[in-house]
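The following exercises are to be worked through with the sequence and the structure at hand. Each task is followed by a solution in steps.

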Amino acid sequence: MNKKVGYSIALAAALAAPFVVYPVFLMKVLCFALFACAFNLLIGFTGLLSFGHAAFFGGAGYFAGYVLRNMGLPFELGLVAGTLGAAVIGLVMGQLAIRRQGIYFTMITLALAQMLFFVFLQ
């Protein structure tokens, strides 16, 4: 099949998906697909296993929820706040963990993710 035809079909399916599939379910599928792509990028290309991905995912949700509930900002600004919050968490965790390799990298990302879990739990 020609690539242009395949891309056109994929674009049409993506545009029609919100009208066919329940939008909340579709958003969850897209979020977990992005989560899986991040794992593929880190494990597949660099060979580093990270247990810290959940910290970014949860941190973004925490920041977005906090901004939406307590500050009363609109949904779009909540998304931006969640994205920026996860980026800051990634910057800090990355500066601490990227100098290690193998099991040390894995254990540092796990420890940092658990620390963040308990910070957000309080």
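## Exercises on helices and exposure

Phe 19 lies in helix α1. The model examined here is a predicted one.

**Exercise 1.** Determine whether Phe 19 is buried or exposed, and identify the surface patch to which Phe 19 belongs.

*Solution.*
Step 1. The relative accessibility of Phe 19 is 76%.
Step 2. A residue is called exposed when its relative accessible area is over 50%; Phe 19 therefore counts as exposed.
Step 3. Phe 19 joins Val 20, Val 21, Tyr 22, Val 24, Phe 25 and Val 29 in a nonpolar patch on the surface. Together these residues have about 760 Å² of accessible area.
Step 4. Helices α1 (3-20) and α2 (23-46) each contribute at least two residues to this patch. The greatest contribution is that of α2, with 3 residues.

**Exercise 2.** Classify Thr 106, Leu 84 and Phe 32 as buried, partly exposed or exposed, and place each of them in a helix.

*Solution.*
Step 1. The cut-offs are needed: buried means under 20% relative accessible area, exposed means over 50%, and partly exposed lies in between.
Step 2. Thr 106 is located in helix α5. Its relative accessible area is 5%, so Thr 106 is buried. Apart from neighbours within four places in sequence, Thr 106 is in contact with Leu 49 and Phe 51.
Step 3. Leu 84 belongs to helix α4. Because its relative accessible area is 54%, Leu 84 is exposed.
Step 4. Phe 32 is part of helix α2. With a relative accessible area of 49%, Phe 32 is partly exposed.

**Exercise 3.** State how far apart Leu 84 and Ile 9 are along the chain and in space, and do likewise for Phe 32 and Phe 57.

*Solution.*
Step 1. Leu 84 and Ile 9 are 75 residues apart along the chain, and 33 Å separates their C-alpha atoms.
Step 2. For Phe 32 and Phe 57, the separation in sequence is 25 residues, and the C-alpha to C-alpha distance is 9.6 Å.

**Exercise 4.** Describe how helix α4 and helix α5 pack, and name the residues that meet.

*Solution.*
Step 1. The packing of two helices is described by the angle between their axes and the distance between the axes.
Step 2. For α4 (residues 75-97) and α5 (residues 103-121), the angle is about 145° and the axes are 10 Å apart.
Step 3. The crossing of α4 past α5 is right-handed.
Step 4. On the α4 side, the residues are Ile 89, Met 93, Leu 96 and Ala 97. They meet residues of α5, including Phe 105, Ile 108, Leu 112 and Phe 120.

Definitions and conventions: Residues numbered from 1 in each chain as written. Predicted model: local features only at pLDDT ≥ 70, side-chain atom pairs only at ≥ 80, totals over all residues. Heavy atoms only, no water. Patch = residues over 30% accessible without salt bridge, like charges linked within 9 Å, V, L, I, M, F, W, Y side chains within 5 Å. Areas by Shrake-Rupley, 256 points an atom, 1.4 Å probe, with all protein chains shown as cover. Salt bridge = Lys/Arg side-chain N within 4 Å of Asp/Glu carboxyl O. Helix = DSSP H or I, 4+ residues; strand = E, 2+ residues; numbered from the N terminus. Buried < 20%, exposed > 50% of the residue type's maximum accessible area, 1.4 Å probe, protein only. Axes fitted to C-alpha atoms, helices over the stretch in contact; angles between N-to-C directions. Left-handed = near helix turned anticlockwise from the far one by under 90°. Contact = heavy atoms within 4.5 Å.
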